[in-house]
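Student: I have a new model open and would like to learn how to read its features. Could you walk me through a few of them?

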Amino acid sequence: MATYHIETYGCTSNRGESRQIERRLRDAGHHRVEGPDEADVAILNTCTVVEKTERNMRRRAEELEAATADLVVTGCMALAQGEQFEDLDARLCHWEDVPTAVTNGECPTTTPDTEPVLDGVVGILPIARGCMSNCSYCITKFATGRVDSPPVAANVETARALVHAGARELRVTGQDTGVYGWDTGERKLPELLDRICDVDGEFRVRLGMANPGGVHGIREELADVFARNDELYDFVHLPVQSGSDDVLEAMRRQHRIEEFREVVAAFDDRLDHWTLATDVIVGFPTETRADHQQSMELLGEVRPERINITRFSKRPGTDAADMQGLGGTLKKERSKAMTDLKMEVCREAHAGMVGDTHEVLVVREGTGDSVKCRDEAYRQIVVTDAEERGVAVGDVLDVEITANEAVYCFGEPA
Ligand code: SF4
């Protein structure tokens, strides 16, 4: 497990987001340390309210970069002025992606004490614990074991309770949602999603991470479920981890690139607009220059709207920890090149939305008087002056997209 140091600047919204980052890191077994020099990863949650703050953020990022092996910068300045950190060896990401960036490519952990939680209008619905894989870099699997899937009826009942308690967005989570039911000999994810969508009430459903290996065998059926249920966000998180079959084999991933492509094609066939999110580990010990190039080419071709990049680091007790690693400078160079590509791909996708109108659900309060919304494909849209415009958390409304940043858009009620 990793050690992390986190610093938060700015408003209460930023502090709330840092609390959520910490909760997810704690759940995954990572430990907070005081001071960047003791940490595997330093996290800087930035603010950019005035020019002086901006200068302070930049200076602090430089200090943290010098003090730690790995720096993740998130928050308003990272998203709105990412170019300010371009010359630093830092990974920029949306705060929601910080836990993934820290966890070395391992799947999110549902710990034994994980329970359904209502957080504002967002209901967290863990459907199973554990996975069916044996990835060579993963330490999480030692803690959580093989997949253990409660019956469909039990999960639907929990979904109903969350909706009854006020959930407008249900987040279906698990270490690998794609293998739900495998321990019982059946692939039950499509049935589960259909039945959750049938629950009475007005809500949306976000499917959490599903490994391509688990989804491949049910890709047609699963894409059909998305096509017939408006409640499901058209958002699929398929961590590919590398664009090279050789690296995937060394990682002991259960898919190959062709299978990943086939899953993407099944969703492309059935959905007009959907968001593909993926994760990539950069600098795996066996990754050659050509392997890295294949990863870059895959991302450039498939163009996922969300890309979580993790720089490989060894976890004790894993087989990958015994492999001869790549040098830090090489990993930094590759990570920087991939981050540049990610920013280009993500910015292009969001710029393409400007001028369109989307139906959104308001899921959270944002900075100042803004609110954060999600459209049909789970893309984040920020509406400012929310109170003046009579827009509140839980509302569903049409917004016209007026501007964009790399990983989110701004919109106005249409
Ligand atoms: S799928 Fe792989 S990375 Fe994810 S928890 Fe299982 S072994 Fe770990």
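**Reading the features**

Tutor: Gladly! Let's start with a helix pair: helix α11 (residues 257-270) packs with helix α12 (residues 289-302) at an angle of about 10°, and their axes are 13 Å apart. Please keep in mind that this is a predicted model.

Student: Which two quantities describe packed helices?

Tutor: In general, a pair of packed helices is described by the angle between the axes and the distance between them. Here, the angle of about 10° makes α11 roughly parallel to α12, because angles under 35 degrees count as roughly parallel.

Student: Which residues in α11 and α12 meet?

Tutor: From α11, I257, F260, R261 and V264 meet L298, E301 and V302 of α12. Sorted by class, this contact of α11 with α12 has five nonpolar and two charged residues, with no polar ones.

Student: Next, T275. Is T275 buried or exposed?

Tutor: The idea is to compare relative accessible area with a cut-off, and buried means under 20%. T275 has 1% relative accessibility, so T275 counts as buried. You will find T275 in strand β11 (residues 275-282).

Student: What does the side chain of T275 reach?

Tutor: The backbone oxygen of A377, at 2.7 Å. A377 also appears in the wider list: leaving out residues up to four places away in sequence, T275 touches D234, F235, V236, E305, A377 and R379.

Student: And how should I read H358?

Tutor: The same steps work well. H358 is in strand β13 (residues 357-365), and its relative accessible area of 9% means that H358 is buried. The side chain of H358 makes a polar contact with the side chain of D375, at 3.3 Å. Apart from neighbours within four places in sequence, the residues in contact with H358 include D375, E376, R379 and I381, along with L397, D398 and V399.

Student: Where does L330 lie, and how far is L330 from G283 in space?

Tutor: L330 lies in helix α13 (residues 328-351). For the second part, set sequence separation beside distance in space: L330 and G283 are 47 residues apart in sequence and 7.6 Å apart from C-alpha to C-alpha. With a relative accessible area of 26%, L330 is partly exposed.

Student: Finally, which residues are around the ligand?

Tutor: They are E106, C107, C131, S133, N134, C135, Y137, C138, K141, Q175, N211 and R253. A count by class is a handy summary: the shell around the ligand has five nonpolar, four polar and three charged residues.

Conventions: Residues are numbered from 1 along each chain as its sequence is written. This is a predicted model: local features need pLDDT of at least 70, side-chain atom pairs count only at pLDDT 80 or more; totals for chains, interfaces and linings use all residues. Side-chain values use heavy atoms; hydrogens and water are left out. Helices (H or I, at least four residues) and strands (E, at least two) are DSSP runs, numbered from the N terminus. Buried means under 20% relative accessible area, exposed over 50%, partly exposed in between (1.4 Å probe, protein chains only). A polar contact is a pair of N or O atoms within 3.5 Å; within protein, one must be able to donate a hydrogen and the other to accept it, and residues adjacent in sequence count only if both atoms are side-chain atoms. Contact means heavy atoms within 4.5 Å. A residue is near a molecule or strand if one of its heavy atoms lies within 4 Å of it. Ala, Val, Leu, Ile, Met, Phe, Trp, Tyr, Cys and Pro count as nonpolar, Asp, Glu, Lys and Arg as charged, and the others, Gly among them, as polar. Axes are lines fitted to C-alpha atoms, for helices over the stretch in contact, and angles run from 0 to 180 degrees between N-to-C directions. Angles under 35 degrees count as roughly parallel, over 145 as roughly antiparallel, 65 to 115 as roughly perpendicular and the rest as oblique.
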